[in-house]
Amino acid sequence: MAALDTRTDRRPSFVGLLWGSTVGKKTAMAVSGIVMLLYLVVHMLGNLKIFFGAADFDAYAAWLRTIGEPFLHHEWFLWIARVVLVAAVVTHAVAAFQLSRRDIAARPVKYAHKRRRASYATRTMRWGGVILGLFIVWHILDLTTLTVNPHAAAGHPYANVVATFSTWYGDVIYIAAMLALGLHVRHGFWSAAQTLGAGSAARDRVLKTTADALALLLTAGFVSVPVAVMTGLVS
């Protein structure tokens, strides 16, 4: 009597099939990019409260820890936001890396003539992403764990921001990262719109103008803080 075949054929899940496809990876990049963009807009607006003084900025930082109370416990909202943001960053980075590898594998032989690329932002998307990834690590160590901020004091966010931007290297790292962010957002927003089906010949100009405006506003908003500290407007 023949032995029974106990093996079962496992079909890949819909999520697995979607992630395995190029379209799925691009969609994951687009959605995670939009999540991060929304966070950046809110984060930038919150940062601008530093111009209202130490009391307002410190009160804002304390309020963030109480969002959702009493339904949520103290700081739960912050941790939920951090988990969502980390998931978005990891998804974005992994999808970008795998798409890049797939693109290279599909073109093993170099073109006889280099293709002209669309813009400086397009040419710098990859290394810009690396810069932003490294900056996220630095930023957490600087203003969240206070590990690399020599004059930081827990519970004093305004003073810690001023301490960070009172050093030349703190200014250089932050401003360089924000310039890379602006280029990344400028290209990424338009690319995400195309991936999610929002792009069309009629809407291209509007989308590109929106991408330029978002990139400019975010870059200017974030850079205004270290510039204000360097010029003594915030101290």
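Reader: How should T164 be read, as buried or exposed?

Author: Buried means under 20% relative accessible area, exposed over 50%, and partly exposed in between (1.4 Å probe, protein chains only). T164 has a relative accessible area of 6%, so T164 is buried. This is a predicted model, in which local features need pLDDT of at least 70 and side-chain atom pairs count only at pLDDT 80 or more, while totals for chains, interfaces and linings use all residues. Residues are numbered from 1 along each chain as its sequence is written, and side-chain values use heavy atoms, with hydrogens and water left out.

Reader: Where does T164 sit, and what is T164 in contact with?

Author: Helices (H or I, at least four residues) and strands (E, at least two) are DSSP runs, numbered from the N terminus. T164 belongs to helix α7, which covers residues 157-164. Contact means heavy atoms within 4.5 Å. With neighbours within four places in sequence set aside, T164 is in contact with D142, L143, N149 and G170. With N149 there is also a polar contact between the side chains, at 2.9 Å. A polar contact is a pair of N or O atoms within 3.5 Å; within protein, one must be able to donate a hydrogen and the other to accept it, and residues adjacent in sequence count only if both atoms are side-chain atoms.

Reader: How many helices and strands does the protein chain have?

Author: The protein chain has nine helices and zero strands. Its pattern along the sequence is α-α-α-α-α-α-α-α-α. Of its 235 residues, 29% count as buried. Among contacts between residues at least 6 apart in sequence, 68% join residues at least 24 apart.

Reader: Which residues touch the most other members of the largest nonpolar core?

Author: A nonpolar core is a set of buried Ala, Val, Leu, Ile, Met, Phe, Trp, Tyr and Cys residues joined through side-chain atoms within 4.5 Å. The largest one here has 25 residues, and I50, M178, L181, L218, F222 and V234 touch the most other members. At least two residues come from each of α2, α6 (125-143), α7, α8 (168-195) and α9 (204-231). Helix α9 gives the most, with seven residues. For F222, not counting residues up to four places away in sequence, the residues touched are L40, H43, M44, N47, Y174, M178 and L181.

Reader: Which residues form the nonpolar patch on the surface?

Author: Patches are made of residues with over 30% relative accessible area and no salt bridge: like charges are joined within 9 Å, nonpolar side chains (Val, Leu, Ile, Met, Phe, Trp, Tyr) within 5 Å. Here V31, I34, V35, L38, W76, I80, V84 and L196 form the nonpolar patch, with about 690 Å² of accessible area together (Shrake-Rupley method, 1.4 Å probe, only the protein chains shown counting as cover for residues). Two or more residues come from α2 (22-47) and from α4 (76-106). Helix α2 gives the most, with four residues. One of the patch residues, L38, lies in α2 and counts as exposed at 56% relative accessibility.

Reader: How many salt bridges does a search of the whole structure find?

Author: A salt bridge is a side-chain nitrogen of Lys or Arg within 4 Å of a carboxyl oxygen of Asp or Glu. The search finds two. One joins R186 and D212 (2.8 Å, N to O). R186 lies in helix α8 and D212 in helix α9, so this pair ties together parts that are 26 residues apart in sequence. R186 is partly exposed, at 36%, and D212 is partly exposed, at 35%. Another salt bridge joins E75 and R65 (3.2 Å, N to O).
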